[in-house]
Amino acid sequence: FQRDRDRIVHSTAFRRLQYKTQVFVNHEGDLFRTRLTHSLEVAQIGRTLARMLGLDEDLTETIALAHDLGHTPFGHVGQDVLNDCMREHGGFEHNLQSLRVVDELEQKYAEFEGLNLTFEAREGILKHCSKKNAEKLGDVGERFLQGRQPSLEAQITNLADEIAYNNHDVDDGLRSGLITLEQLESVTLFARHLAEVRARYPALNDRRLIHETVRRMINTLVVDLIAQTRANLTAHRPDTLDAVRACPPLAAFSPAVREESLELKRFLFNNLYRHYRVERMSDKARRLLRELFEAFTGNPKLLPPEHRDRAETDLHRAVADYIAGMTDRYAIREHRRLYDIEELA
């Protein structure tokens, strides 16, 4: 698993995450999270959870660092556009694309395609999968066909992902000015911790006030997740990995904290992800990516030489692979090369 982790860190796809959108497009500001910093935060939370629960820290970190390797430019908008463009050609889903990246698309080693990761790492990367797609994936698709669970390391990484993005999106949303402290005081989890910080540090400035509040929220979620997961393990007493797979999900929040987390998620969806300024950038991204897809599938000769061989056997998938691998700014630049008459090819 340490070798898996190291191969991911040295991969091209991992470096590209530095310039892929989390919520805010990279050029909108240097201090907003990107897919890379998000993945590092997931790994940090995941390692803590693994250590406290006696699980494999290296496997957990591996899954965390790799889970977004297949993400498109411009966040979830990019996935939606490519899925729509690929509707008649097998669809597009970023979890499957992450697996495709580590299995096929990374071209570094003399003896094999991809990164040659362990089964446990590959399985953990694949959080969601339809039965139709699972049938094509061999061993890593089996659990979706049998209705079984992944490893505990994969389960806690999935929840570490949720803890990370909910809380850092609060921080970035406040930094951007798209949401306010006053709005967030309607959210139970945030309001409770904000009140604690204000009571203890009444003279704290806004940036430190926000950081202290967010770190307490993360701590509450992590501590609750550890406690509830331990309780679930005690109740079910799985003694083998097969027994873990046969149980219902064992990594979980308590019902009360789960509801508070969902309330925060709903707030962010309605007030940040659907903010008109985010929607404007999302709309631009939709048009840009669709036009790239149409240009390359309409004339494969426009593709860079290294992508043409793959396009000869499966044009639409090759184009989706190329676009999914782009960073935000590379996609913008490539669009200019294709559509701006004054831009050099």
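These exercises, each with a worked solution, walk you through the chain shown above.

Before you start, note that this is a predicted model, in which local features need pLDDT of at least 70, side-chain atom pairs count only at pLDDT 80 or more, and totals for chains, interfaces and linings use all residues. Residues are numbered from 1 along each chain as its sequence is written, and side-chain values use heavy atoms, with hydrogens and water left out.

**Exercise 1. Confidence**

Find the mean pLDDT of the chain, and the elements with the lowest and highest mean pLDDT.

Solution. Start with the term: pLDDT is the predictor's confidence in each residue, from 0 to 100. The chain has a mean of 93, and 97% of its residues reach 70 or more. Next, go through the elements: helix α8 (residues 131–134) has the lowest mean, 87, while helix α4 (residues 57–66) has the highest, 98. A reading tip to keep: where pLDDT is low, the predicted coordinates should not be read in detail.

**Exercise 2. The overall build**

Describe the secondary structure of the chain, then check its radius of gyration against that of a compact globule.

Solution. Begin with the elements, which are DSSP runs numbered from the N terminus: helices are H or I with at least four residues, strands are E with at least two. The chain has 19 helices and zero strands. Now take the radius of gyration, computed over C-alpha atoms, with the globule rule being 2.2 Å times the number of residues to the power 0.38. For 345 residues the rule gives a value near 20 Å, and the chain agrees with it at 21 Å. Along the principal axes, the C-alpha atoms fill a box of roughly 65 × 50 × 30 Å.

Then look at contacts, meaning heavy atoms within 4.5 Å. Of the contacts with a separation of 6 or more, 68% are between residues 24 or more positions apart.

**Exercise 3. Helix α10 and the core**

Work out how α10 (residues 152–176) compares with its expected span, and what it gives to the largest nonpolar core.

Solution. First, the span: the expected value is 1.5 Å times one less than the number of residues. The 25 residues of α10 reach 36 Å from first C-alpha to last, close to the expected 36 Å.

Second, the cover: buried means under 20% relative accessible area, exposed over 50%, and partly exposed in between (1.4 Å probe, protein chains only). In α10, 22 of the 25 residues are buried. R175, however, is a partly exposed residue at 36%, and R175 belongs to α10. The C-alpha atoms of R175 and F32 are 8.2 Å apart, although 143 residues separate the two in sequence. After the helix comes G177, with a positive phi near 85°.

Third, the core: a nonpolar core is a set of buried Ala, Val, Leu, Ile, Met, Phe, Trp, Tyr and Cys residues joined through side-chain atoms within 4.5 Å. The largest one has 68 residues, and L69, L184 and F190 touch the most other members. The helix α10 gives the most to this core, with nine residues. Leaving out residues up to four places away in sequence, L184 touches V170, L174, I179, F190, A191, L264 and F267. Apart from this core lies another, of 23 residues, including F92 and F296.

**Exercise 4. Helix α3**

Which helices do the buried residues of α3 pack against?

Solution. Check the helix itself: the 19 residues of α3 (residues 35–53) should span 27 Å at 1.5 Å a residue, and the end C-alpha atoms, 26 Å apart, agree. Its buried residues include L36, V42, I45 and L49. These buried residues pack against α2 (12–16), α4, α5, α10 and α13. Following α3 is G54, where phi is positive, near 70°.

**Exercise 5. Loops with a positive phi**

Is F74 buried or exposed, and is R237 buried or exposed?

Solution. Recall that most residues other than glycine have a negative phi. F74 has a positive phi near 65°, and R237 has a positive phi of about 50°. Place them next: F74 is in the loop between α4 and α5, and R237 is in the loop between α13 (206–236) and α14 (241–246). Now the cover: F74 is buried at a relative accessible area of 7%, whereas R237 is exposed at 65%.

The loop of F74 also holds P73, which is buried at 0%. Among the residues that P73 touches, beyond four places in sequence, are L289, I323 and M326.
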